[in-house]
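User: I would like a close look at the aromatic residues of this protein, with an account of how their rings are arranged. Please continue afterwards to some polar and charged side chains.

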Amino acid sequence: MDDWNRSRRDKNGKFQNEIPVIVKLRVGDIVSMLREFLSAKTQRRPKQPLPIVPLQHGTLSDGKDKIFWFGHSASLLQIGGKTILLDPMLGKNPSPVPFSRNRRFSVKLPITIEELPPIDIVALSHDHYDHLESSSIRKLIPKVGTFLVPLGVGKQIRKRGASPDTVIELDWGEERIVQGIRFTCTPARHFSGRGLFDQDSTLWCSWVIKTEKRSLFYSGDGGYGPHFKRIGRQHGPFELSFMECGQYMERGRYDKRWSGVHMLPEETVQAHRDVRGGVLLPVHWGGFALALHDWNDPVRRLSAAAEEQSIPYHIPRIGEAVYLDQIPLSPQRDFWWQDMGRNTD
């Protein structure tokens, strides 16, 4: 474990970023933000539901190393003969308010939780509702062997019925080998909290995932910072990185506050370079409207920046199998997100 990489807490027990961010919101701020969201003149949602590729059990059981993206940040990995879920928010609404209109862009998922095979490992990056959703966790618990979470998040999993011996909590710099796969909890620049009074009471993180054959990186949520270069020096190179790309603010009252906790697409490309990534696969987009930008602005800008810098990237359809043995992948030719149409939601 690298002590210099460990998370820090202040005298009140709150976790801190290596570089401070400003995210604390008063009730009046939240009301103003909601008003700004409702009045924004952007194409925050696609005109029609995003296309999905249904998962077939034959594909899931073919024994090959591959990944599937489910929209937003939820991803399913099959590597080293094990099945892993990253931030499996598989519900319809990323909000504690059940009647929220912020529904999933794809309407349904490529596979239901009930249809999923047994899940060896679930890795969570933090406790926000768009990553840790109660109904998804409750349904997954009977299928899951081990939950890997940053410090403090285990309470949320146990609260929903998981046995304590199935939940492992890690600090930045700590690692654990689970069923032959090495997971290292690495820094991120973000925040946590599921209500008005618990902000930063649990940790947030990124994950390094390694087998004898594979080396993958998942950024979790977070703003750009020097931690990416350190991760690259210590744990890279990676054949593929799942990098946050979406839910940023560039206009309005809150752009400066959000710039520290979410990356712009161009920063996503730079972070991928910093960690010494091979193929870049953007996540944290294509699921829900959580910011003011056009729904496909993240990948329009990411693809342009990646091509300008000759960075290999892949933007799969939701549910599409991406086989790791085919990396490096051929240049992106299916620009499916460009032909979805727009509205002014």
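Analyst: The account below begins with the aromatic rings and then turns to individual polar and charged residues. The structure is a predicted model.

With ring centres required to lie within 6.5 Å for a pair, the count comes to 10 aromatic pairs. One of these joins Trp69 and Trp285: the ring centres are 5.2 Å apart and the planes meet at 20 degrees, so the pair is classed as stacked. Trp69 belongs to strand 3 (residues 66–69), while Trp285 lies in the loop between strand 14 (277–283) and helix 8 (297–308), so this pair ties together parts that are 216 residues apart in sequence. Trp69 has a relative accessibility of 1% and counts as buried. Trp285 likewise counts as buried, at 1% relative accessibility.

Trp285 also pairs with Trp295; here the centres are 6.3 Å apart and the planes are again at 20 degrees, so this pair too is stacked. Trp295 lies in the loop between strand 14 and helix 8, as does Trp285, and the two are 10 residues apart. Trp295 is buried, its relative accessible area being 3%. Beyond these two pairs, ring pairs link Trp69, Trp285 and Trp295 with Phe105, Phe335, Trp336 and Trp337 into a cluster.

Aromatic rings also meet positively charged side chains in this model. The charged end of Arg194 sits over the ring of Tyr129, 4.0 Å from the ring centre. Lys64 lies over the face of Tyr323, at 5.7 Å from the centre of that ring.

Among the acidic residues, Glu244 may be examined in detail. Glu244 is part of strand 13 (residues 238–244). Glu244 is buried but has no salt bridge, and the nearest side chain of opposite charge, that of Arg189, is 11 Å away. Since a salt bridge requires a separation within 4 Å, Arg189 at 11 Å does not supply one. A polar atom of the Glu244 side chain does, however, lie 2.8 Å from the backbone nitrogen of Met263. Leaving aside residues up to four places away in sequence, Glu244 touches Ser219, Gly220, Asp221, Gly222, Val261, His262, Met263, Thr268, Val283 and His284.

Ser125 offers a second buried polar site. Ser125 is found in the loop between strand 6 (119–123) and helix 3 (134–140), and its relative accessible area is 0%, so Ser125 is buried. The side chain of Ser125 makes a polar contact of 2.6 Å with the side chain of Asp87. Asp87 is also among the residues that Ser125 touches beyond four places in sequence, a list including His131, Pro150, Trp204, Cys205, Trp207 and Tyr218. Gly220 and Asp221 are touched by Ser125, and both are touched by Glu244 as well.

The last residue considered is Arg301, in helix 8. Buried is defined as under 20% relative accessible area, so Arg301, at 18% relative accessibility, counts as buried. Arg301 and Pro265 are 36 residues apart in sequence, yet their C-alpha atoms are 5.9 Å apart in space. Pro265 is one of the residues that Arg301 touches beyond four places in sequence; the others are Tyr248, Glu250, Leu264 and Glu266.

How values were computed: Residues are numbered from 1 along each chain as its sequence is written. This is a predicted model: local features need pLDDT of at least 70, side-chain atom pairs count only at pLDDT 80 or more; totals for chains, interfaces and linings use all residues. Side-chain values use heavy atoms; hydrogens and water are left out. Rings of Phe, Tyr and Trp (its six-membered ring) pair if their centres lie within 6.5 Å; planes under 30 degrees apart count as stacked, over 60 as edge-to-face and the rest as tilted. Helices (H or I, at least four residues) and strands (E, at least two) are DSSP runs, numbered from the N terminus. Buried means under 20% relative accessible area, exposed over 50%, partly exposed in between (1.4 Å probe, protein chains only). A charge sits over a ring if NZ of Lys or CZ of Arg is within 6 Å of the ring centre and within 35 degrees of the ring normal. Lys and Arg count as positive and Asp and Glu as negative; His and the chain ends are not counted. A polar contact is a pair of N or O atoms within 3.5 Å; within protein, one must be able to donate a hydrogen and the other to accept it, and residues adjacent in sequence count only if both atoms are side-chain atoms. Contact means heavy atoms within 4.5 Å.
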